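This briefing introduces the fold of one protein chain for a reader beginning the study of protein structure. Please keep the sequence and the structure in view while reading.

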Amino acid sequence: MGFEKKIRNALFVGGAFVLSSAALFAGDMKVTYVSVGIGDAIHIQTPSGKNYLIDGGDTSDPNTPPELNDSTQDFCPLVKYLLDNNVRTLDFILKTHNDGDHYKGLQAVLGTKVSSGGANAFTVKAVVCSSSTHPLSNL
């Protein structure tokens, strides 16, 4: 299967999952295109409070995820957005492809700790990746 077809399939499956899940609940769905500088990050919140994330943008230093009490959390716009909006549980993450400006922010989300050596700051229930050869798919 070609690369473009894999991306289309991943987007279709992810989109269908999000839309079918959201259709079960009455109310407004909130879709935010998170300002991440370079790349893409889309946060979808259903009326029932479920949180979906499509891609994660880039970071200035993906090798040093912050602690919640660390003033350097600004290194990743997505981490800052999630913390500022009190989003601590992500029900579904979709990584559309392997460009760093789409996945490095996701690595930062997965690596952010409550304190040094502590638990992860975010609970992530499911991750879907478009490629099995990328580090994020080794969760």
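Which residue with a positive phi follows α2? It is Asn86, whose phi lies near 55°. The model under discussion is predicted. The protein chain contains three helices and seven strands, and the points below describe how these elements are arranged.

**Overall composition**

- From the N terminus on, the elements of the protein chain follow the order α-β-β-β-α-β-β-α-β-β.
- The protein chain has 139 residues, of which 39% are buried.
- Among contacts in the protein chain with a separation of 6 or more, 59% are between residues 24 or more positions apart.

**The open sheet**

- Five strands, in the order β1-β2-β3-β5-β7, form an open sheet with mixed pairing.
- The edges of the sheet are occupied by β1 and β7 (127-129), each of which has a single partner strand, so one side of each is left without a neighbour in the sheet.
- On average, neighbouring strands of this sheet are turned by 15° against each other, direction ignored.
- As a general principle, strands of a sheet pair through backbone hydrogen bonds, either parallel or antiparallel.

**Pairing of β1, β2 and β3**

- Strand β1 (residues 30-33) pairs with strand β2 (residues 42-45) in the antiparallel sense, over four bridges.
- Within this pair, Tyr33 has Ile42 in β2 as its bridge partner.
- Strand β2 is also joined by four bridges to strand β3 (residues 51-54), and these two strands run antiparallel.
- Ile42 also stands opposite Ile54 in β3.
- The hairpin of β2 and β3 has five residues between the strands, and Gly49 in this hairpin takes a positive phi near 95°.

**Helices α2 and α3**

- The axes of helix α2 (residues 77-84) and helix α3 (residues 100-111) come within 8 Å and cross at roughly 50°.
- Because of this crossing angle, α2 is described as oblique to α3.
- On the α2 side, Leu78, Val79 and Leu82 meet Gly105, Leu106, Ala108 and Val109 of α3.
- Classified by residue type, this contact of α2 with α3 has six nonpolar residues, one polar residue and no charged residues.

**Burial of α2**

- Which residues of α2 are buried? They are Leu78, Val79, Tyr81, Leu82 and Leu83.
- The elements that cover the buried residues of α2 include β1, β2, β3, β4 (89-90) and α3.
- Leu78 illustrates the surroundings of the helix: leaving aside its neighbours within four places in sequence, Leu78 is in contact with Val34, Val36, Ala41, Leu53, Asp55, Gly56, Gly105, Leu106 and Val109.

**Nonpolar cores**

- The largest nonpolar core has 18 residues, and those with the most contacts inside it are Leu78, Val79, Leu82, Leu90, Val109 and Phe122.
- Helices α2 and α3 each supply at least two residues of this core.
- The largest share of this core, five residues, comes from α2.
- A second, separate core has six residues, including Ile44, Tyr52, Ile54 and Phe92.

**Points to retain**

- Leu78, Val79 and Leu82 are buried in α2, meet residues of α3, and are among the residues with the most contacts inside the largest nonpolar core.
- Ile54 stands opposite Ile42 and belongs to the second, separate core.

Terms used:
Residues are numbered from 1 along each chain as its sequence is written. This is a predicted model: local features need pLDDT of at least 70, side-chain atom pairs count only at pLDDT 80 or more; totals for chains, interfaces and linings use all residues. Side-chain values use heavy atoms; hydrogens and water are left out. Axes are lines fitted to C-alpha atoms, for helices over the stretch in contact, and angles run from 0 to 180 degrees between N-to-C directions. Angles under 35 degrees count as roughly parallel, over 145 as roughly antiparallel, 65 to 115 as roughly perpendicular and the rest as oblique. Contact means heavy atoms within 4.5 Å. Ala, Val, Leu, Ile, Met, Phe, Trp, Tyr, Cys and Pro count as nonpolar, Asp, Glu, Lys and Arg as charged, and the others, Gly among them, as polar. Two strands pair if DSSP finds at least two bridges between them. Buried means under 20% relative accessible area, exposed over 50%, partly exposed in between (1.4 Å probe, protein chains only). A nonpolar core is a set of buried Ala, Val, Leu, Ile, Met, Phe, Trp, Tyr and Cys residues joined through side-chain atoms within 4.5 Å.
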